[in-house]
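The exercises below concern strands, pockets and cavities. Work through each task with the sequence and model in view, then check the solution.

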Amino acid sequence: MFNLIQNEWMKLWHKKGTWAILVILLLVIIGVGVLDKVFMEEVNDSDWKQEQQAMITDANTQLQTPDLDEWSIQMYEEQKEMAQYRLDNNAAPQVNQSMEGNMAFGASIMVLITLLTVIPGASIVSQEFTDGTIKMLLTRPVSRFKVLTSKLITIFLFGFTLILVTIVLTTVIGFILFGTATGVDLTIVDGVVQQTNTMKDIFLTYVYSLGDFTMSILFAFFIGTVFSSPSIAIALSMLFLMMGPMIIMLLQKYIPVEYIWLTHSDLTQHLRKEFFIEETTLFMSLAVLGVYAIIFIALSFMTFIKRDVKA
Amino acid sequence: MSKPIVELKNVTKIIKGKTLIDNLSLELFPGQITGFLGPNGAGKTTTVRLMTGLMRLTSGTITIEGASIADDYEKAISNVGVIVENPEMYKYMSGYKNLIHFSRMHKDVSKERIDEVVKQVGLTKRINEKVSTYSLGMRQRLGLAQALLHDPKFLILDEPTNGLDPAGIREFRTYLRKIAVENNVSIFVSSHLLSEIELMCDRVAVIQNGKLIDERMIQSDEKARMKLKAEPFELVENYLSSNDYVFTTQEGIFLLELKEDKVPDLINELVAQQVQIFAVSAVHETLEEQFLQMTGGGQIV
Ligand SMILES: Nc1ncnc2c1ncn2[C@@H]1O[C@H](COP(=O)(O)OP(=O)(O)OP(=O)(O)O)[C@@H](O)[C@H]1O
Ligand SMILES: [Mg+2]
């Protein structure tokens, strides 16, 4: 199996398209970092304590206003609490771009990484058919099951490589251009002020983005394998990835969309607590995705193993 | 005769109601080169696809060294080298990388073995260039190299000389003969070039419309036919008849069955009778005539 993966990896990197994908990713990461640096106006916040004091005074004044609506009251209360927290804990706000901020940007381009992985994912099988090389590949003492498995593993390896490149590069570039964060961000959870754990948020964004990542790749691989046409597979998976929520909204009237994978594949819904349709549990989402993942994989393998090769 | 290495029994392939291969049975033997002859669309490539597991059998069995291609694929195919139609290689890689790629799918193919095969097919100078820059014949040579890589005991070659130059074809023929004799390799060559099959093979199987219609040994020189142009006509005719030669005449030319080593004797006899000999030449069209006759003159049905 290692040999087969080595083969697929070698073929992948001998195609110009693969290098183009890597270059695109590098350009986006470096480009955005540099643009951020160039257009950033460095804010000097050495007197942040006076500012926080002023915010408390301001909030108190506003709260005196008669007939203030509930929403505003809450807002000013929170403003007050946060400012107080900063003064009590000597926690300066983060006002400039930082290494952490750049890392968070990295996590936010998981959609791009997914799109870029879908392209070879759709063609890794189908191109063997269109090139006619499939007959050379399948007349070896290696079962079709192993051949297809090696291709699937290779594509995920490729995707994870892109993720790794993104993590490393956004960290290094962020550190060089901006340095580490000097302040902290705050959030209020259940009425209690807390320091945001930026690293944990970044980590969770990466992890939860693996939903779309995995499902899009499996879908592209499945379509590419069954229809042996890379273009159809790329087009369909990109369409679903970009327009997934819209398609779900449209279909909502006609079918029970909670059983469609597109409703669940963006797992960051659970991080944001904002749902396309209605709130579901993480367990429910994972269960639906699991079922579809199995279906995509099973159909890919069944067609690939059974089909007559006429190339 | 030794035990067959490959056995096809009642092989049938039906696609969408169309019978492409019809109850075909054939045995192939070690050390023997079998030609697979048939007009376009007869089912040669389809048979090769079935033998290599690219297509599934509708019914029947194919075994290679006792292992069934349907039930024990990895074992059955492990000693097979194959070219199906044009060998399509990965164009974006060098010839050498292609061979490395395929060698990793077999057991124990060393770097030395790769170099040896490359040298054998005469690609040493160009092997590190991308396949997309290769000519048709060079691709064919590379295709042959990948088929020979793992030293197979059974070689299946579908139209292998397509695109080779005359020198290449000649080398190829000599090489096939060599591995058949020295390594006891069984070789199955499909072609519609009769002359090629005649020169290259020990035995021929003829297929038409998916059916095996004939199977025979090729007797290269025992039953050779000679063309003789000599005068006076009657004198020669009388001489041949009275000496029990098998012959026919055509526009003043004699066609007679005669082994090569008997030619000088005949010439001496005729000269002694004051016959003037203008030409004696060997005829190689027996198989072709038979083939055209059997297959109805190349109609694609
Ligand atoms: N996938 C398929 N579906 C339907 N018919 C097919 C398919 N593949 C081949 N055929 C038909 O099967 C027959 C045999 O084709 P095959 O390619 O085996 O011929 P061949 O003997 O190799 O011919 P050639 O000398 O031209 O290479 C042809 O009539 C062809 O049209
Ligand atoms: Mg053919």
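## Exercise 1: a four-stranded sheet in chain B

Strand β1 (residues 6-15) of chain B runs antiparallel to β4(B), and five bridges join the two. Strands here are DSSP runs (E, at least two residues) and helices are DSSP runs too (H or I, at least four residues), numbered from the N terminus; two strands pair if DSSP finds at least two bridges between them.

This is a predicted model, in which local features need pLDDT of at least 70, side-chain atom pairs count only at pLDDT 80 or more, and totals for chains, interfaces and linings use all residues. Residues are numbered from 1 along each chain as its sequence is written, chains are lettered from A and ligands numbered from 1 in the order in which they are written, and side-chain values use heavy atoms, with hydrogens and water left out.

**Task.** Place β1(B) and β4(B) in their sheet, and describe the hairpin of β4(B) and β5(B).

**Solution.**
1. Take one residue pair: K9(B) has T61(B) in β4(B) as its bridge partner.
2. Extend to the sheet, which is open and has four strands in the order β2-β1-β4-β5 of chain B, with antiparallel pairing. The edge strands are β2 (18-28) and β5 (67-68) of chain B, and each pairs on one side only.
3. Go to the last pair: strand β4 (residues 59-64) of chain B is joined to β5(B) by two bridges. I64(B) has A67(B) as its bridge partner, while T63(B) stands opposite S68(B).
4. Read the turn. Two residues lie between β4(B) and β5(B), and E65(B) in this turn has a positive phi of about 50°.

## Exercise 2: a six-stranded sheet in chain B

**Task.** Give the strand order of the open sheet of six strands in chain B, and find the helix that lies across β7(B).

**Solution.**
1. The order is β6-β7-β8-β3-β9-β10 of chain B, and the pairing is mixed. At the edges are β6 (80-83) and β10 (211-217) of chain B, each pairing on one side only.
2. On average, neighbouring strands of this sheet are turned by 15° against each other, direction ignored.
3. For a parallel pair, take β7 (residues 154-158) and β8 (residues 186-191) of chain B, which share five bridges. L157(B) is opposite V189(B) in β8(B).
4. Helix α1 (residues 44-51) of chain B lies across β3 (33-37), β6, β7, β8 and β9 (203-208) of chain B, at about 145° to β7(B). Axes are lines fitted to C-alpha atoms, for helices over the stretch in contact, and angles run from 0 to 180 degrees between N-to-C directions; contact means heavy atoms within 4.5 Å.

## Exercise 3: a hairpin in chain A

**Task.** How do β1(A) and β2(A) pair, in the parallel or the antiparallel sense?

**Solution.**
1. Strands β1 (residues 186-189) and β2 (residues 192-195) of chain A pair in the antiparallel sense over four bridges.
2. T187(A) stands opposite Q194(A) in β2(A).
3. Two residues separate the strands of this hairpin, and D190(A) takes a positive phi near 50°.

## Exercise 4: recorded spans in chain A

**Task.** Which residues of chain A does UniProt place in the feature "transmembrane region"?

**Solution.**
1. The unreviewed UniProt entry gives residues 20-40, 103-126, 152-178, 206-227, 234-255 and 282-305 of chain A.
2. Residues 103-126 of chain A are 96% helix and 0% strand, with end C-alpha atoms 35 Å apart.
3. Residues 282-305 of chain A are 100% helix and 0% strand, with end C-alpha atoms 34 Å apart.
4. Keep the source in mind: UniProt positions are given in the numbering used here, feature names are shortened, and annotations may be inferred rather than shown by experiment.

## Exercise 5: the largest pocket

**Task.** Which element supplies the largest share of the lining of the largest pocket?

**Solution.**
1. The largest pocket holds about 570 Å³ of space. On a 1 Å grid over the protein atoms alone, a pocket is an open set of points with protein on both sides within 12 Å along at least five of seven lines, a cavity is a set of points where a 1.4 Å probe fits but cannot get out, and lining residues have an atom within 4 Å of a point. Grid points are joined across faces, edges and corners, and a volume is the space filled by probe spheres set on the points.
2. Of its 28 lining residues, the closest to the centre are T205(A), S209(A), D266(A), T268(A) and R272(A).
3. The largest share, nine residues, comes from α9(A).
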